[in-house]
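The following exercises concern a single protein model and are each accompanied by a worked solution. Please examine the sequence and the coordinates before reading the solutions.

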Amino acid sequence: MKITIINGGPRKNGATNKILIKINENIHKESPEAEINHINLIDLHPAYCLGCQSCYKTGKCVITTDNMEEIHDMLEQSDGIVFGSPTYSCNVSGLFKVFHSRVHMTDEQLLFNKPCVLVTTCEITGMNKTLSLMKERVLTAGGYVSGRIGIKIPLNENPINEENENKIDSVTKKFVKDIRRNRKPFFERFYTYIAINIFFKPFVMKNQDQHEYVIQSWKDKGLIK
Ligand SMILES: Cc1cc2nc3c(=O)[nH]c(=O)nc-3n(C[C@H](O)[C@H](O)[C@H](O)COP(=O)(O)O)c2cc1C
């Protein structure tokens, strides 16, 4: 079982990463054989997406000065993914957004059939909005949300108390169960079908030469013939 944990918070000792570390430990307890990659995006200094759309054609980003293509491949090979970001201005962090744009996950359905856990923290308000935005990105990239953790906490306080620990434990247990079951729920399968056939496909097929890799990856996943 391969799992990737993405921390989009710039503070490795912050509340968001403390929750992610707890999830990492719990997964290890549930499934000692699991191979877990815990990525702190801040260490990778991801460059901004240039908007060239070359990845639609080639499946690769033209920027080779950071390790974002390795992260892309890691996500592709993962059975489940945990996405974490602190709430900044009722949204994900800029760091998380840069990562998201760089790993070209939506068009090529990189999260196809993968269960995902979403984590955010905030001080006052906005975490539900952040979780909804993250959920929409997961669904649109072919994945589904196995569990969500939103925790309101004053700056520099440890979020790992008894109540939150119980929540983190139950989300992790369900996540590992969903990976083992390996079956995307009906609503999310329907969502992917509509997204591909009604929205993406007509556009992509009109510009086939610009979307060679996207089309190939849909074929590989059995989304189109
Ligand atoms: C730039 C910035 C924007 C923020 N925006 C919000 C916000 O919209 N709502 C909120 O409740 N907290 C907001 N916060 C507080 C953080 O969400 C909160 O402290 C979070 O737990 C920090 O996560 P970390 O400890 O992992 O760094 C903001 C913090 C920063 C630095």
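**Exercise 1.** Determine which element supplies the largest share of the shell around the ligand, and describe the shell by class.

*Solution.* The model is a predicted one.
Step 1: the shell is collected; 19 residues surround the ligand, and the closest are Gly 14, Thr 16, Pro 86, Thr 121 and Cys 122.
Step 2: the shell is assigned to elements. Helix H1 (15–30) and strand S4 (115–122) each provide at least two of its residues. The largest share, three residues, belongs to H1.
Step 3: the shell is sorted by class, which gives nine polar, eight nonpolar and two charged residues.

**Exercise 2.** Identify the residues of the largest nonpolar core that touch the most other members, and list the contacts of Val 117 beyond its neighbours within four places in sequence.

*Solution.* Step 1: the largest nonpolar core has 45 residues. Those touching the most other members are Ile 19, Ile 23, Val 82, Phe 83, Cys 116, Val 117 and Val 119.
Step 2: with neighbours within four places in sequence set aside, Val 117 contacts Ile 23, Val 82, Ser 146, Gly 147, Val 171 and Phe 175.
Step 3: a general tendency provides context: in soluble globular proteins, nonpolar side chains tend to be buried together.

**Exercise 3.** Establish which residues of helix H8 (residues 212–220) are buried, and what they pack against.

*Solution.* Step 1: the buried residues in H8 are Val 214, Ile 215, Ser 217 and Trp 218. They lie on the same side of H8 because they cover an arc of only 165 degrees around the axis.
Step 2: on the face turned away from this buried side, H8 carries the exposed residues Gln 216, Lys 219 and Asp 220.
Step 3: the packing partners of the buried residues are helix H2 (54–58) and helix H7 (186–206).
Step 4: just after H8, Gly 222 adopts a positive phi of about 75 degrees.

**Exercise 4.** Locate Ser 89 and Asn 113, and state whether Ser 89 is buried or exposed.

*Solution.* Step 1: as a reference, most residues other than glycine have a negative phi.
Step 2: Ser 89, although not a glycine, has a positive phi of about 50 degrees. Ser 89 is placed in the loop between strand S3 (80–86) and helix H4 (94–102). The cut-off for an exposed residue is 12 or fewer other C-beta atoms within 10 Å. Ser 89 has 10 C-beta neighbours inside 10 Å and therefore counts as exposed.
Step 3: Asn 113, also a residue other than glycine, has a positive phi near 65 degrees. The loop between H4 and S4 contains Asn 113. With 16 other C-beta atoms within 10 Å, Asn 113 is partly exposed.

Conventions: Residues are numbered from 1 along each chain as its sequence is written. This is a predicted model: local features need pLDDT of at least 70, side-chain atom pairs count only at pLDDT 80 or more; totals for chains, interfaces and linings use all residues. A residue is near a molecule or strand if its C-beta atom, placed from the backbone, lies within 6 Å of it. Helices (H or I, at least four residues) and strands (E, at least two) are DSSP runs, numbered from the N terminus. Ala, Val, Leu, Ile, Met, Phe, Trp, Tyr, Cys and Pro count as nonpolar, Asp, Glu, Lys and Arg as charged, and the others, Gly among them, as polar. A nonpolar core is a set of buried Ala, Val, Leu, Ile, Met, Phe, Trp, Tyr and Cys residues joined through C-beta atoms within 7 Å. A residue is buried if 20 or more other C-beta atoms lie within 10 Å of its own, exposed if 12 or fewer, and partly exposed in between; C-beta atoms are placed from the backbone. Two residues are in contact if their C-beta atoms, placed from the backbone, lie within 7 Å. The arc is that of the directions from the helix axis to the C-beta atoms.
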